[in-house]
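Colleague: I'd like a close look at one part of this model. Pick a residue, then work outwards from there.

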Amino acid sequence: MESSICGQTKCVCLIGCPVAHSISPQIHNHAFRTLGLPYVYIPLNVPPKDLHSAIYTLRAGMAGANVTIPHKEAAFRYCDEVSELSIATGTVNTLYMRDGRLCGTTTDPAGFYRALESAGHVFGDDDVVMLGSGGTARTLGAALLLDKKCRSLTIAARSADKAAALAASLKKLGSAPVSCCALGSPESEKNFAGCSLLVNCTSVGMHPNIGDTPLDKKFFHSGMMVFDAIYNPGVTRFLKEAGEAGCKTKNGVMMLLYQGLASFRYWTGVNAPADIFDEARLLSLIDKGKPV
C-alpha cells in the first residue's frame, strides 16, 4: 500500500555517526508502506557533540529511534525507563515513547541469535571471542552470559585497558568465565586457537573503509564460526579471509533485519512478518544502493 507524508505521519529516526551506509530506512519504510502504517523513518547523522540535541528533538514529537555506533552507551543515560537487559548492558539500540516518557531497550541480542540460528549455528558450548570493547560488544557479551549461551567469553580489543574494563564488568554477570586480551599480544594467540565463535563488534572494515580488517588472517581456523556485525559491505575483508581459512561465516544483514523487526514492534505495536525481506534482497540493497 502506498502512503504519503501528512499531518498525521509519525516520525522514527536512526541516530548514529555515520549513517549514510545504513539500509534501515529502506527496511522500515518498506514495512510501513506494506502494512499501511502512517510512519516514516529517516537517518540522522549525529556527531557525539550533538547527541543531546538529537535526543531532545526525539522527545519533542517523534515516535522513536534506532541508535547505532557510537551512541548506544551514551543514549542509555537519557532514558527515563530502560529494560532489564539494557540495565545489564548499559546500552540501548531502540528508543520509544510511552506516556511522555523516553524508554530504551536493546534488540541486538535477539537479532544476533536469530541471524546465527538461521545459518544453522547452535548456541551453548561456544568458546567465544568478541572483537571490540564498545556498546555492541558489551550488549552481545552480556546477553550471551545472561542467557547462558556460551562456555567462555574473551574480550579482545586494541586497547588492553578497555578490554580489561569491559571484561571486569561482564564477569559480574556470572554463568561462564570471562577473560580479556589485547589484539596482537602473546596471549591472544591462545584465545583465538581455542575459539569456536568469533564475533566482530567493531566498525573496522565498514563502508567506506572496506580494505581494513580488525584481525590478522593468521588467527582464523576451520573450527570457527565467524560473525561480522557489519553488513555494508556484504562481505568484509574480515569475512572473506575467514572464509578462505575454512571458517563458516555470516554477516550482519539478518541481524539488522531481525533486531529491526523487534524495534518496529515497540514503535507501532505491530508484528511485521519476518519474510517481509529475504537475505538476497537485503544484500542487493547494499550492493546496488537502490531503494526497495
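Modeller: Let's start with Arg 265, which sits in helix α10. Helices here are DSSP runs of H or I with at least four residues, strands are runs of E with at least two, and both are numbered from the N terminus. This is a predicted model, so local features need pLDDT of at least 70 and side-chain atom pairs count only at pLDDT 80 or more, while totals for chains, interfaces and linings use all residues. Residues are numbered from 1 along each chain as its sequence is written, and side-chain values use heavy atoms, with hydrogens and water left out.

Arg 265 is partly exposed, at 39% relative accessible area (buried is under 20%, exposed over 50%, partly exposed in between, with a 1.4 Å probe and protein chains only). Leaving aside residues up to four places away in sequence, Arg 265 touches Val 270 and Asn 271, where contact means heavy atoms within 4.5 Å. For a sense of scale, the C-alpha atoms of Arg 265 and Pro 186 are 46 Å apart, with the two positions 79 residues apart along the chain.

Now for the helix itself. α10 (253–268) gives two or more residues to the lining of the largest cavity, as does β3, and α10 is the top contributor with 3 residues. A cavity is a set of points on a 1 Å grid, over the protein atoms alone, where a 1.4 Å probe fits but cannot get out; a pocket is an open set with protein on both sides within 12 Å along at least five of seven lines, and lining residues have an atom within 4 Å of a point. Points are joined across faces, edges and corners, and the volume is the space filled by probe spheres set on them. By this rule there is 1 cavity of 30 Å³ or more, and the largest holds about 440 Å³. Its lining has 26 residues, with Thr 68, Lys 72, Ala 229, Tyr 231 and Leu 256 nearest the centre. By class that lining is 12 nonpolar, 12 polar and 2 charged (Ala, Val, Leu, Ile, Met, Phe, Trp, Tyr, Cys and Pro count as nonpolar; Asp, Glu, Lys and Arg as charged; the others, Gly among them, as polar).

β3 (64–67) leads us on to helix α2, since the buried residues of α2 pack against β3, along with β1, α3, β5 and β6. Those buried residues of α2 (51–59) are Leu 51, Ala 54, Ile 55 and Leu 58. They cover an arc of only 100° around the axis, so they share one side of α2; the arc is that of the directions from the helix axis to the C-beta atoms. The general background is that an α-helix has 3.6 residues a turn, so residues three or four places apart point the same way.

Arg 59, also in α2, pairs with Asp 80 in a salt bridge, at 3.0 Å from N to O (a side-chain nitrogen of Lys or Arg within 4 Å of a carboxyl oxygen of Asp or Glu). Asp 80 lies in the loop between α3 and β4, 21 residues away from Arg 59, so this pair links distant parts of the chain. Both ends are partly exposed: Arg 59 at 24% and Asp 80 at 34%. Compare Glu 241 and Arg 237, whose closest N and O atoms are 2.9 Å apart: these two are 4 residues apart in helix α9, which means about one helical turn. Glu 241 is buried at 11%, and Arg 237 is partly exposed at 36%. The structure holds 9 salt bridges.

Finally, α3 brings us to the largest pocket, with about 600 Å³ of space. Of its 27 lining residues, Gly 132, Ser 133, Gly 134, Arg 158 and Thr 202 are closest to the centre. α3 (72–76), α6, β8 and α7 each give two or more residues to that lining, and α6 gives the most, with 4. Just past α6, in the loop to β8, Lys 148 has a positive phi near 55° and is exposed at 64%.
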